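Could you walk me through the inside of this protein, from its open spaces to its packed cores? I would like to know which residues to look at along the way.

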Amino acid sequence: MDSTATDEIAHDFRPRFIVFKDGRVQRLAYNDFVPPSLNPQGISSKDLQILPELGVSARLYLPKLDVDDDARRKLPILVYYHGGGFCIASAFGGLHHHYLTSLVTNAKVVAVSVDYRRAPEHPIPTAHNDSWAALQWVAAQSAGPAQSPEGLEPWLSEHGDFDRITIAGDSAGGNIVHNLAMRAGREELNHGVKLRGAIAVHPFFTGEKAIGDEVKYPEKKAVGDRIWMFISPTTVGLDDPLINPMGDGAPSQAGLGCTRVLVCVAGMDRVTFRGRAYYEWLRSSEWKGTVEILESEGEDHVFHLRKLTCENAGAMMQRFVSFLN
């Protein structure tokens, strides 16, 4: 067999990924794996295949419980969705593992970091559907022993407060957060569990028509648009509600299924204008909840993951801790 034939590139999305003509996908960024562990601050983490029929896994985090009162106290639950354009990164990479470890340490929450199936092998809306199924799995852990004597995850069932569930995510994960909050307004979660809050960090939104800085820097918008069009062949394109929640024909935001939303934007990020517009869209809507915005001046896309100890990342961390508690 001619090896050169298998190395022919069909779709080139460097520096993110390459698709070869034989169907192979080579990811070029954020491929590292950091094992779960007990870190020096006492945060425990472990990996579970939560939806084996789908091949969906998650990394769970539990803060240190060293006092009797802490051991009995129910903790807020955070369900987290990683970014990466729906194509790269994972819940098990260093970027997100180190951030979630820090967040769990500071906020004293039980966290579930979901590893949904990625495009292009699994086109959109697979990531959104996997993420919803994972949220349903979390809600199912609220069942008492009498209802579900086997199969409950003790870190959630024993320590989680199912009246305080927040979903959060960065970039593509921020997009997923919005879409899950909308779905939670249309469909019930297991055992009547309700979402309390949603945190959309630098959410990946776009649209057919350029707005704000997208007009001045069309090449930046084109990068995300090209990826979206490739990984979502069954959607209507750039104005599909999954990627443009503010577009004509998108569902009313009045149906958002949580009571609080925090939108985070970064001053130098190419998606900042969309994030600000999303905040204003929610603020002026008929939705009955409360929306807040946090803007990090002088920072770029998902800076807080790469610069954990910088001043703006610290301010974001404090805001998250307050929001989650």
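The paragraphs below go from the pocket to a helix on its lining, then to the cavity and the nonpolar cores.

Please keep in mind that this is a predicted model. A good place to begin is the largest pocket, which has a volume of about 650 Å³. Its lining is made up of 29 residues, and if you want to find the centre, look for Arg16, Ser171, Arg270, His301 and Val302, the closest ones to it. Three helices each give two or more residues to this lining: H3 (94-107), H8 (218-231) and H10 (303-306). The largest share belongs to H8, with 4 residues. Sorted by class, the pocket lining has 15 nonpolar residues, along with 7 polar and 7 charged ones.

Let us stay with H3 for a moment, one of the helices on the pocket lining. How far apart are the end C-alpha atoms of H3? They are 20 Å apart, and this agrees with expectation because 14 residues at 1.5 Å a residue should span 20 Å. Many positions can be picked out along H3 as buried, among them Gly94, His96, His97, Tyr99 and Leu100. Further along H3, Thr101, Leu103, Val104 and Ala107 are buried as well. After the helix comes Lys108, and its phi is positive, near 55°.

Now for the enclosed space. A search of the whole structure turns up 1 cavity of 30 Å³ or more, and the largest cavity holds about 30 Å³ of space. Around it you will find Tyr30, Asp32, Ala89, Ser90, Gly93, Leu95 and His96. His96 is thus a residue to view twice, as it lines the cavity and is also buried in H3. By class, the cavity lining has 3 nonpolar, 3 polar and 1 charged residues.

Finally, turn to the nonpolar cores. The largest of them has 66 residues, and Val79, Tyr81, Phe86, Leu135, Ile167 and Val261 have the most contacts inside it. Helix H4, residues 126-140, gives the most to this core, with 8 residues. A second core, separate from that one, has 28 residues and includes Ile43, Tyr61, Leu78 and Tyr80.

To see the packing from a single side chain's point of view, try Ile167. Which residues is Ile167 in contact with, leaving aside its neighbours within four places in sequence? The list includes Val79, Tyr81 and Leu135, which are also named among the residues with the most contacts inside the largest core. Ile167 is in contact with Val177, Leu180, Ala181, Leu195, Gly197, Ala198 and Ile199 too.

Technical notes
Residues are numbered from 1 along each chain as its sequence is written. This is a predicted model: local features need pLDDT of at least 70, side-chain atom pairs count only at pLDDT 80 or more; totals for chains, interfaces and linings use all residues. Side-chain values use heavy atoms; hydrogens and water are left out. On a 1 Å grid over the protein atoms alone, a cavity is a set of points where a 1.4 Å probe fits but cannot get out, and a pocket is an open set with protein on both sides within 12 Å along at least five of seven lines; lining residues have an atom within 4 Å of a point. Grid points are joined across faces, edges and corners, and a volume is the space filled by probe spheres set on the points. Ala, Val, Leu, Ile, Met, Phe, Trp, Tyr, Cys and Pro count as nonpolar, Asp, Glu, Lys and Arg as charged, and the others, Gly among them, as polar. A nonpolar core is a set of buried Ala, Val, Leu, Ile, Met, Phe, Trp, Tyr and Cys residues joined through side-chain atoms within 4.5 Å. Buried means under 20% relative accessible area, exposed over 50%, partly exposed in between (1.4 Å probe, protein chains only). Contact means heavy atoms within 4.5 Å. The expected span of a helix is 1.5 Å times one less than its number of residues.
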